[in-house]
Amino acid sequence: MSTTRPYPPGDRGPEPSGASGMSETAASGVPPASSGGRQVRSVRLEGESGVVPLARDFTREALYAWGWLPAATADRRAAAEDVLLVVSELVTNACLHAEGPDELFLACDNKVIRVEVSDRGNGQPAPRTPHRAGRPGGHGMFIVQRLCLDWGVVRTPGAAGKTVWAELGAPA
């Protein structure tokens with residue numbers, strides 16, 4: 001697992017077909033964009049109140065639009081709940097450790113859903129080590145690490161803030 005990656009937000013790096021990156025985003029309230037089977041949505045969170053429930057509701061709407069919900073099986077329902085939990089953890093971390101989130105970006109294709117939360121913070125998220133399951137707090141990035149295929153942080157040189165991203169496998 002990486003905690004940093006040399007690719008910009010929205011780019012999972014080279015794929016076997018040679019295709020990579022996301023070129024389109026949809027603003028909140030605009031129907032999702034689609035690019036070769038990839039659908040994307042984003043919402044500005046900067047200055048909003050109640051950003052964690054707002055982010056979860058926005059994500060839930062995207063999951064319905066993308067066919068993850070309503071879930072026909074327990075596995076599909078669990079996959080959707082994992083996405084909602086990861087969104088909650090990343091947005092909460094931005095609230096607690098990074099002056100609040102600026103934007104939530106979601107991208108979905110047939111294999112992976114990618115969650116990105118941008119903020120103005122300088123910190124470096126990391127799972128608490130050693131992880132102590134019985135102690136309160138500090139479990140957010142441990143949860144993200146356990147649920148996701150990969151996660152990391154992307155920074156733009158010369159700009160404040162970062163984007164924390166996580167990728168989860170699409171349900172079968």
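**A walk through the fold, starting from one contact**

Let's start with a single pair of residues: the side chain of K162 makes a polar contact with the side chain of D119, at 2.9 Å. Keep in mind as we go that the model you're looking at is predicted.

Where do these two sit? D119 is in strand 4, which covers residues 112–119, and K162 is in strand 6, covering residues 162–169. So is the pair buried or exposed? Here a cut-off helps: a residue counts as buried when its relative accessible area is under 20%. D119 has 6%, so D119 is buried. K162 has 7%, so K162 is buried too.

Now look at what else is around D119. Its side chain also reaches the backbone nitrogen of G121, at 2.8 Å. If you skip the neighbours within four places in sequence, the residues in contact with D119 are A94, A98, G100, P101, D102, G161 and K162. G121 turns up again on the K162 side: a polar atom of the K162 side chain lies 3.4 Å from the backbone oxygen of G121. Leaving out neighbours within four places in sequence once more, the contacts of K162 include A98, V117, S118, N122, P125 and V153.

Time to zoom out. The protein chain has three helices and six strands. Following the sequence from start to end, you'd read them off as β-β-α-α-β-β-α-β-β. Of the 172 residues in the chain, 43% are buried. Contacts also reach across the sequence: take those between residues at least 6 apart, and 59% of them join residues at least 24 apart. As for the outside, the accessible surface of the chain comes to about 8,900 Å², and carbon and sulfur atoms account for 51% of that.

What about the inside? The largest nonpolar core has 34 residues, and the ones touching the most other members are L63, W68, L90, L104, L106, I113 and V144. At least two residues of this core come from each of helix 1 (51–65), helix 2, strand 3 (101–108), strand 4, helix 3, strand 5 and strand 6. Helix 2 gives the largest share, with nine residues. To get a feel for one core member, click on W68: not counting residues up to four places away in sequence, W68 touches a list that includes L63, A79, V83, I113 and P171.

V144, another name from that core list, leads us to helix 3. This helix spans residues 140–147, and its buried residues are G140, M141 and V144. Look down the helix axis and you'll find these buried residues within an arc of 90 degrees, so they line one face of helix 3. What covers them? The cover includes helix 2 (74–97), strand 5 (150–154) and strand 6.

Back to strand 4 for a moment, because E116 lies there too and, with a relative accessible area of 5%, E116 is buried. Which side chain does E116 pair up with? A polar contact of 2.6 Å joins the side chains of E116 and R114. E116 can also be compared with E103: the two are 13 residues apart in sequence, and their C-alpha atoms are 8.0 Å apart in space.

A couple of loops deserve a visit as well. The loop between helix 1 and helix 2 holds P70, and a cis peptide bond joins L69 to P70, with omega at about -5 degrees. The loop between helix 2 and strand 3 is where you'll find E99. E99 isn't a glycine, yet it has a positive phi of about 65 degrees. Is E99 buried or exposed? Its relative accessibility is 60%, and exposed means over 50%, so E99 counts as exposed.

Finally, the cysteines. How many disulfides are there? The count comes to zero, going by cysteine sulfur atoms within 2.5 Å of each other. Two cysteines you can look up are C95 and C148. C95 has 35% relative accessibility, so C95 is partly exposed, whereas C148 has 10% and therefore counts as buried.

Methods: Residues numbered from 1 in each chain as written. Predicted model: local features only at pLDDT ≥ 70, side-chain atom pairs only at ≥ 80, totals over all residues. Heavy atoms only, no water. Helix = DSSP H or I, 4+ residues; strand = E, 2+ residues; numbered from the N terminus. Buried < 20%, exposed > 50% of the residue type's maximum accessible area, 1.4 Å probe, protein only. Polar contact = N/O pair within 3.5 Å; in protein donor to acceptor, adjacent residues only side chain to side chain. Contact = heavy atoms within 4.5 Å. Arc of directions from axis to C-beta. Areas by Shrake-Rupley, 256 points an atom, 1.4 Å probe, with all protein chains shown as cover. Core = buried A, V, L, I, M, F, W, Y, C linked by side-chain atoms within 4.5 Å.
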